[in-house]
Every structure is written in structure tokens, then in C-alpha cells.
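Work through the exercises below with the model in view. Try each task before you read its solution.

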Amino acid sequence: MIENSKAKSFASPLLWANDIFCSKSTGISWNSLAALCWIHRAKMDTNLVEMFRAGLNWVTMALDAPSARVVLFGVRIQWHIFVEVLLGFVIVILLSQKSYKPPKRPLTEQEIDELCDEWVPEPLIPPITEDMRHEPPVLESAAGPHTTVNGKDVVNFASANYLGLIGHEKLLESCTSALEKYGVGSCGPRGFYGTIDVHLDCETRISKFLSTPDTILYSYGLSTMFSTIPCFCKKGDIIVADEGVHWGIQNGLQLSRSTIVYFKHNDMDSLRSTLEKIMTKNKRSKNLRRYIVAEAVYQNSGQIAPLDEIVKLKEKYKFRVILDESNSFGVLGRSGRGLAEHHGVPIEKIDVVTAAMGHALATEGGFCTGNARIIDYQRLSSSGYVFSASLPPYLASAAITAIDVIDQNPELLVKMKQHIALLWKGLKDIKGMSLASDPESPIVFLKLENSSGSTKEDLLLLEKMADRALKEDSLLVVSSKKSFLDKCRLPVGIKLLVSAGHSESDLVKVSESLKRLASELLL
Amino acid sequence: MITIPYLTAVSTYFSYGLLFAFGQLRDYSRRIFDWWSTNNLHGYAPICLAHEDFYIRRLYHRIQDCFGRPISSAPDAWVDVVERRTTKSTRCLNLGSYNYLGFGSYDEYCTPLVIDSLKKFSPSTCSSRVDAGTTSVHAELEECVAKYVGKPAAIVTGMGYATNSAIIPVLIGKGGLIISDSLNHTSIVNGARGSGATIRVFQHNTPAHLERVLKEQIAEGQPRTHRPWKKIIVVVEGIYSMEGEICQLPEIVSICKKYKAYVYLDEAHSIGAIGKTGRGVCELLGVDTADVDIMMGTFTKSFGSCGGYIAGSKDLIQYLKYHCPAHLYATSISTPSAQQIISAIKVILGEDGSNRGAQKLARIRENSNFFRAELQKMGFEVLGDNDSPVMPIMLYNPAKIPAFSRECLRENVAVVVVGFPATPLLLARARICISASHSREDLIKALQVISKAGDLTGIKYFPAAPKKQEEVKDTIKLD
């Protein structure tokens with residue numbers, strides 16, 4: 001190390017730097033580097049520095065000359081003050097320049113007018129094609145098991161009149177007295193003098209029938225589901241729904257803005273794996289509300305949901321169940337109390353049960369039943385309840401009478417089940433179609449075996465089949481119909497809605513007719 | 001426009017603040033004193049978070065006797081309001097039901113026909129319209145409605161709310177624009193949201209703002225991509241149910257024609273109630289029905305039934321019948337209700353052989369104008385245009401809502417009061433609906449009771465007009 005005094009004074013900060021940056025492995029230290037520089041400098045010291053110093057002195061004197069004797073505020077002005085002032089000016093000018101932004105040019109009035117003139121909207125509706133002009137059959141009498149179309153007597157398998165209550169005298173009596181007392185409409189929503197005592201009686205009767213704490217009545221079957229779901233499911237919640245649910249439920253799911261995951265139609269393994277995936281993937285999902293939405297008897301396929309397995313899965317993963325019992329209320333179970341009785345599950349395990357009354361109960365409207373907190377909440381937050389007029393009172397009294405009839409006549413259910421079994425026997429060996437519904441469901445669904453590939457073609461073929469059944473054999477059957485808004489992709493087919501009011505000859509007739517038409521049209 | 005007096009605004013904010021503070025205090029003490037009460041749902045997220053139903057629990061439940069009052073008779077001019085938890089009922093004058101033409105109870109022409117059709121067709125068809133739910137009554141109803149409204153064809157569904165929710169998504173989808181009035185009904189908002197189109201709002205009943213919004217939106221195009229819009233639908237209502245105002249239809253229709261937008265008119269309250277023959281706002285304001293592309297309405301208010309309709313060109317209705325979910329999947333409208341609508345239309349048009357229809361229409365117009373004029377003379381702040389049967393009286397303060405309602409009920413007059421969230425927070429009101437079945441004596445009694453209740457609650461925000469009798473007395477004295 002050089003014990004030079006100059007080297008030492010420079011070496012102390014360098015030592016500090018050395019402590020921080022030096023790498024012992026390389027053997028290079030800051031100290032040695034500095035020492036090297038100084039050795040170099042010491043050699044060139046004499047010539048270069050002398051010249052440099054002379055030049056610097058001369059410049060300083062030249063610049064100092066003009067202000068050599070100026071004293072401002074007791075400070076001698078030196079040449080460097082001018083340089084600093086100049087630099088200061090330059091900085092000020094640069095800062096005051098506006099930064100470069102590409103100029104914004106909003107559209108002028110004239111340009112806006114031109115755009116408005118040029119714009120051509122699409123027509124309100126696309127052009128009408130021939131298949132859109134199909135007219136439905138017009139009934140001239142009540143839609144019971146036998147009805148009149150175009151003056152001819154027709155066997156009706158297209159009404160969801162499962163217990164044959166259409167045309168029942170008790171129902172007609174109670175409706176007539178309600179009409180004479182209350183008129184037809186209720187003229188107001190439930191919050192503003194639209195609550196008639198018949199509504200309250202109907203709600204109590206349904207709660208008693210199903211042994212649930214409370215019930216709320218809706219004025220339209222389709223609006224029940226799409227008002228209930230957005231009431232409880234908000235943005236951010238998780239809903240696991242069956243892919244075959246009907247349009248009302250799909251609309252409710254869309255309006256709720258929650259995250260929706262579909263599982264394969266009526267497949268419990270798919271449901272289990274979906275629930276597993278959701279609960280393990282997302283640790284945060286413990287604080288989110290989670291729902292499973294299913295139908296008891298699916299309108300689009302006639303399958304029955306295995307409620308006992310769903311309840312087991314729900315309790316394992318802590319989900320809540322919303323069940324639509326439109327086609328199973330009054331039909332399944334020993335006394336018609338629905339899917340819970342059918343599977344032997346206590347109804348308290350299902351959190352929300354909704355149903356449309358336009359099926360077994362032969363009236364209109366819908367209801368939702370569950371525990372008191374859930375029902376109370378809907379009375380103020382369910383949009384289809386608060387912002388819409390209430391159910392006409394005669395339809396509510398028809399519902400009460402229908403439930404009384406079901407309670408007192410359990411043999412209707414037995415008859416209906418027998419008819420379903422008979423129909424299954426008759427349709428077992430139909431060609432070109434196969435029975436895709438559950439053997440106990442009142443919706444007997446025949447799906448097309450060989451689909452042509454395009455849903456539209458299939459629907460047209462089925463429509464032709466239903467038309468011919470009506471014209472040639474006087475039979476009304478349901479062919480699947482799809483709106484473009486419906487997202488369900490289940491196979492299409494012919495639906496037969498079995499009623500307790502049909503006779504055995506009706507069932508034989510429909511099996512023969514369908515077998516004949518299937519062999520003519522589908523092969 | 002509603003201009004709230006400064007002092008009233010301050011006192012209303014103060015009242016709400018006080019209620020909010022007390023509500024929070026009660027919630028807090030409930031949390032302290034009740035923390036040991038368990039509920040069985042461990043591991044489940046609460047179905048309703050505390051702040052979501054705070055308003056319901058702490059503000060609404062205090063005055064819930066003013067809402068949802070049960071009745072035990074038909075919703076006619078006089079109605080039996082049931083006292084809760086008893087079987088007692090009191091006969092009250094009904095100023096709350098939507099019974100504009102008085103069809104809400106037993107009618108000598110309509111009800112026998114309805115009972116006949118009930119016996120023939122049963123309360124329900126249990127089937128959707130395309131399967132086996134179309135009866136001859138439904139076909140007749142659609143023709144009748146189309147003729148009445150003044151359009152080539154119509155389609156009828158079982159519920160007015162569901163009509164909007166199911167039709168708007170069929171007509172417009174992603175890539176379209178819906179411009180709706182800021183005070184439109186929830187059913188229109190739900191239908192618009194369900195369609196997936198972009199939604200823009202224009203100031204209530206202001207055609208100038210509508211024009212500005214239209215120009216801006218057409219020039220800008222779709223958000224982010226700036227592609228031109230596929231189509232634009234402007235949605236307005238005939239009578240707005242919370243304001244009683246009639247829409248400025250001629251200006252709006254001319255603006256929409258200029259910018260090639262489609263007009264959707266929701267006549268829930270105005271069909272059957274205004275216009276010389278009850279044909280709604282188009283007749284009243286002289287707008288040609290061919291200029292309005294889609295006319296929608298409900299049968300609950302003026303026809304005393306249930307259900308909704310859409311009227312338009314034949315092609316439009318055919319398209320809707322093929323695609324509308326309410327037509328394909330929902331149970332068809334109950335046949336006796338359909339018969340009631342047909343009979344009510346026949347009475348209104350005088351086709352039943354009497355002039356009851358014309359009498360009803362004249363009576364509702366007289367009643368509404370008389371009532372509104374008298375209320376304004378007394379110094380109440382009444383909203384709404386002339387000829388409209390809906391009259392909101394401003395209350396503002398949250399404490400006056402139950403006070404006014406209970407005072408009126410004590411004197412056997414049943415009124416409807418509305419607060420947040422159906423109206424803006426500061427603008428609570430009492431809404432009167434006049435019916436053709438109210439007689440002049442009924443209205444005078446109602447005026448007396450409302451005046452007394454108004455004095456007690458202090459809602460006469462405007463100075464009362466001087467009484468004419470005083471002037472006459474003065475002149476006599478001079479003589």
C-alpha cells in the first residue's frame with residue numbers, strides 16, 4: 001500500500017466502498033484500483049497538469065475581467081454566476097413549454113349529422129319464413145282429457161292436467177262464488193290493497209299441505225322462478241344448475257348476475273365433481289353464498305331428480321338447494337306432497353321450493369315455500385311480487401279447492417300412476433324413438449333416436465308428426481318447441497302428458513298411433 | 001318538476017339520519033346482547049347480509065301496517081279493509097286500487113259472460129299457447145285487442161310484468177341499443193337487462209335530451225369497437241305511475257322517426273283510462289298508431305282482469321308467437337279472464353247495446369279533473385297532468401308517511417303511500433287513483449278527510465286559494 005498522504009485522504013471513502021463492494025475471491029479491491037490510478041497520475045502530473053492549470057487561469061481571468069470589481073449585496077460577482085443564471089433561464093423556459101399531446105378533435109355538428117343520416121338500422125324483425133306461420137290448434141271446449149278441435153272430438157295429451165281436475169265441479173263451484181264476490185281482477189299489487197283474504201287463505205293452505213312454515217303466492221307460473229332466484233343470488237355468488245332447466249330458471253340465473261356453472265343433466269357424478277372443483281379451487285368461496293338449482297321433474301326431458309343424493313351432497317359441501325316442483329307437486333309421493341315425500345327426505349332440508357300451479361292444480365299462478373325468513377324477505381325484494389298485480393282471487397280459491405280435492409282423493413294419484421305404466425308398456429317397442437323420461441314421471445318423453453344434425457330440421461319433423469296425429473287420429477301431443485333464447489341443448493322429441501282422467505282406450509290409441517307415425521316418418 | 005322547499009329538504013335529511021342512527025344503535029345492541037343465540041346453519045354463508053336488509057328491518061318494519069293491508073271484498077269504490085290479526089273489517093273509501101273504469105267488481109254485463117266461459121272452459125288450460133292452450137276465446141281476444149288499440153295484430157300473455165321481460169330480449173340483443181326513460185318501470189328494466197343490449201337513459205319526459213342522447217350514440221357507435229348499432233329502441237310509458245304525468249309522445253315519435261329508431265310504448269296505466277274512447281295516449285295526443293312500432297299494455301288496471309298484450313304489425317306478432325318464451329313455455333292466460341277483457345272492451349266501445357262505456361269514460365275524466373283542481377286549491381302539492389287519473393300528493397318527510405296513512409284510515413279512507421325505494425329518498429308521496437265508480441259525494445268526503453289529515457301533518461306546502469264564498473259575501477254586504 002502506498003503511504004502517500006494524498007492517497008490516504010482519498011483512500012478513506014474508498015475503504016468504506018471496499019467494505020461494501022469488494023470481492024475477496026477475485027482479489028481485486030477498490031483500494032488497489034485507486035492506488036493504480038494515482039500511480040498513473042503521479043507520472044503524468046508534471047506536463048499535462050501544468051498546461052491545464054495555465055489554460056484554466058487564463059480563462060478565469062478573461063471571464064472575470066468584466067465583473068472584476070463588481071460587488072452585489074456584499075458578494076463579489078464571479079463569472080460562474082452568469083453561467084448559473086443562464087442555465088436557470090433555460091430551465092424555466094423548458095418547464096413552461098406545454099408537453100406534446102396529439103390534438104383532440106371532437107366530431108363537429110356537421111359530421112354528427114352526416115353520421116346520423118348515413119346510419120341504417122336493421123329491420124326490427126328478420127323476414128318471416130314459412131315455418132314461422134304454423135298455427136296452433138284452437139280448442140272449442142275445456143282442455144280436459146277429451147276436447148273439441150274443429151268440431152271433432154280429440155284426445156288431449158298436451159295439457160298438464162295430471163290429476164284430471166279440469167272441469168271438476170267443486171273447482172267450478174268455488175270459482176263461481178269467488179267471481180260473484182270479488183269480480184275477476186285484484187286491481188293492485190300486494191302492497192297496495194291487492195291482498196285479498198283468499199290469497200292469505202291460499203298461502204296458509206299450501207303451507208299446511210306441505211308442512212312448511214310459510215308460503216308466498218305469485219301471479220304467474222313462469223315469473224315465480226325468475227323472481228325468486230335474483231332475490232337471493234346476487235353478483236359474486238355461485239350457482240350450480242342443471243343444464244336442462246327450463247327458460248324461466250335460465251332467465252332468473254341470468255338476471256341474478258352470479259357465476260353459473262352447469263352440470264350434466266341429472267348426472268350426480270357430474271354434480272359431485274363440479275361441487276368438489278368449486279370448493280377446492282376457491283378458498284374464498286367459504287364466504288360466498290352457494291346454491292344448487294334443480295327441477296323435481298324436468299320439463300324438457302321428464303327425468304326425476306334424485307333428491308336424496310342431492311341433499312347428501314348439499315350437506316357435505318354446504319350448498320343451499322332451490323328446487324322447482326312444478327311438475328311434481330300433487331303428483332309424486334304417496335299423498336302428492338312432491339319430491340321430498342317421494343324420496344323420503346324431510347322437506348326442511350330443501351331451502352327454497354317453488355312451483356307453478358298451472359299443472360296438477362289446474363289453476364294459474366305460482367308459489368314459493370320455505371322457512372319464514374326466506375319468505376318474508378321475498379315479500380319486499382322479489383320484483384315479480386312487489387311490482388306486479390296479485391293473482392286474481394278466483395284462481396286462488398281454485399287452488400285451495402284443488403288441494404282439498406287432492407287431500408281427500410288419494411286414488412287419483414294411484415290411477416295416474418297406473419296410466420303411466422300402461423303407456424310405458426304400449427310405447428316400449430316404438431321404432432325411431434326411445435323413452436327418455438323416468439318411468440314414474442307424468443311427462444312421458446319420446447326422444448328422437450337419429451337426429452338429422454340440425455335442431456331446426458328435427459323440430460320441423462316432429463311438428464309434422466304432431467300435425468298428422470291430430471288430423472288423422474284426433475290426438476293432441478306436444479312436439480318440442482325451442483325459442484332462440486332457450487339455452488338448453490337436450491335432445492328434442494314428443495311429449496305426452498298423462499292424466500288420471502284418461503281412459504285405457506285413450507292410452508292404447510295413442511300408443512298405436514305414435515308407433516304407426518314413427519314407422520312412417522322416421523325410417 | 002318537483003321543487004322541494006329548502007327547509008323541508010333539511011328536515012327530511014335530518015329525519016332519515018336520525019332513523020339511520022337509531023337503526024344502527026339497535027343493530028349494535030342486538031349484536032352485543034344476542035351473540036350467544038346460535039342458528040343451525042354452521043358453515044353456510046348468511047343468506048342475507050346485515051346491510052342488505054337494514055332498510056327493511058329498521059325503517060320499513062316500523063311502518064309496515066301502512067302497506068299490504070288485506071281486504072275482504074272486491075276492490076271497488078268502497079272496500080272492506082281487514083284489521084290485521086282479527087276478523088273485523090271496516091268499510092273504507094278506496095283511493096288506492098287501479099280500478100279506473102270500475103270493472104273491478106261484479107259487473108252486470110261482464111260477470112255472467114265470465115261465469116259462462118268458466119263453466120265451459122275451466123279456470124285454466126294447463127298448457128302453453130302453442131300446445132293446447134289456445135281456445136276460441138283467446139283467438140277472439142287477440143283480434144278484439146288489435147282492433148281496439150288500432151294495430152293489425154296482437155299477442156296476449158298472462159301477466160303484464162312477464163310481457164316486458166319476455167318480449168324485449170326477443171326483439172333486441174347484443175349489439176343493439178335501448179334508450180329508456182329514467183323513470184321506467186322495473187319490468188322494462190329487467191327485460192332490457194335480460195336482453196344483453198346496451199342501455200342508456202334519457203331525462204324523464206324531455207324530448208330535447210332524448211335527441212341529444214340519440215345523436216351522440218349514433219355518432220359514437222357501439223362501446224369500444226365503434227361499430228354502428230344494429231338497431232335502437234326507445235322505450236317510454238304512457239302514464240308514469242309514480243308521477244301521474246303523460247308522456248310527450250308526438251315530439252318523441254317525431255325525433256325517433258328522424259333518427260330511424262323504433263318506439264316501444266308501454267301503456268300499462270293509460271289504456272282504457274284516457275282518450276275520448278279510452279284508446280290511450282295515442283288518441284289523447286293525436287299520434288297515429290302506425291308511427292309507434294310496438295304498443296304494449298296491461299289489462300289489470302282499466303279492464304279489471306289480468307294479463308298483458310303487445311300490438312304491432314302482422315309480421316311482428318307472427319315472429320313473436322314463434323319465439324317469445326312466454327308464448328312457448330308459460331301457461332296461457334286463464335280463459336275467464338280473457339272473456340272479461342273481451343266483455344269490458346265491448347262495454348267501452350258501446351257494443352253491448354248501452355252507453356255505459358261512454359258514461360264511464362266521461363266520469364273518470366270529470367272525476368280526475370275535479371279532484372285535482374280541488375286538491376290544488378287546498379294548497380297540496382299535486383303532481384301529474386290534467387286528465388290523468390293518477391295523483392301523487394307530496395309528503396317528503398318519512399314521519400308524515402305513516403301519519404297521513406293512519407289518519408286517513410281512521411276516517412275510513414284508504415290511501416296508498418309510497419316511499420323509498422319506489423321513489424327517490426327525499427320524495428315520498430301519497431298516491432291517489434281515481435275510479436269511474438267514485439261518485440261526487442265520495443270525492444267530496446275524500447277531500448274533507450284528506451284536508452283534515454293534511455292540516456294535521458302539515459303537507460299543504462302551497463298557499464291555499466282564497467275561497468270564492470268570501471267574495472260573494474263581501475259583495476252582498478256592500479249592497
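**Exercise 1.** Place Ser270(A) in its helix, then decide whether Ser270(A) is buried or exposed.

Solution. Step one: Ser270(A) sits in helix 9 of chain A, residues 268-281. Helices are DSSP runs (H or I, at least four residues), numbered from the N terminus. Step two: Ser270(A) is buried because its relative accessibility is 11%. The cut-offs are under 20% for buried and over 50% for exposed, with partly exposed in between (1.4 Å probe, protein chains only). Step three: beyond neighbours within four places in sequence, Ser270(A) contacts Phe263(A) and Lys264(A). Contact means heavy atoms within 4.5 Å.

This is a predicted model: local features need pLDDT of at least 70, side-chain atom pairs count only at pLDDT 80 or more, and totals for chains, interfaces and linings use all residues. Residues are numbered from 1 along each chain as its sequence is written, chains are lettered from A and ligands numbered from 1 in written order, and side-chain values use heavy atoms, without hydrogens and water.

**Exercise 2.** How many residues of chain A and chain B are in contact, and what area do the chains bury?

Solution. Step one: 108 residues of chain A touch 107 residues of chain B. Step two: the two chains bury about 9,200 Å², 64% of it on carbon and sulfur atoms. Buried area is the accessible area (1.4 Å probe) that two parts lose on being put together, summed over both. Step three: Trp119(A), Leu124(A) and Tyr193(A) give 11% of the area chain A buries against chain B, more than any other three residues.

**Exercise 3.** How many salt bridges cross the interface of chain A and chain B?

Solution. The rule finds three. It asks for a side-chain nitrogen of Lys or Arg within 4 Å of a carboxyl oxygen of Asp or Glu. Lys215(B) and Glu109(A) form a salt bridge at 3.5 Å, N to O.

Note on methods
Helices (H or I, at least four residues) and strands (E, at least two) are DSSP runs, numbered from the N terminus.
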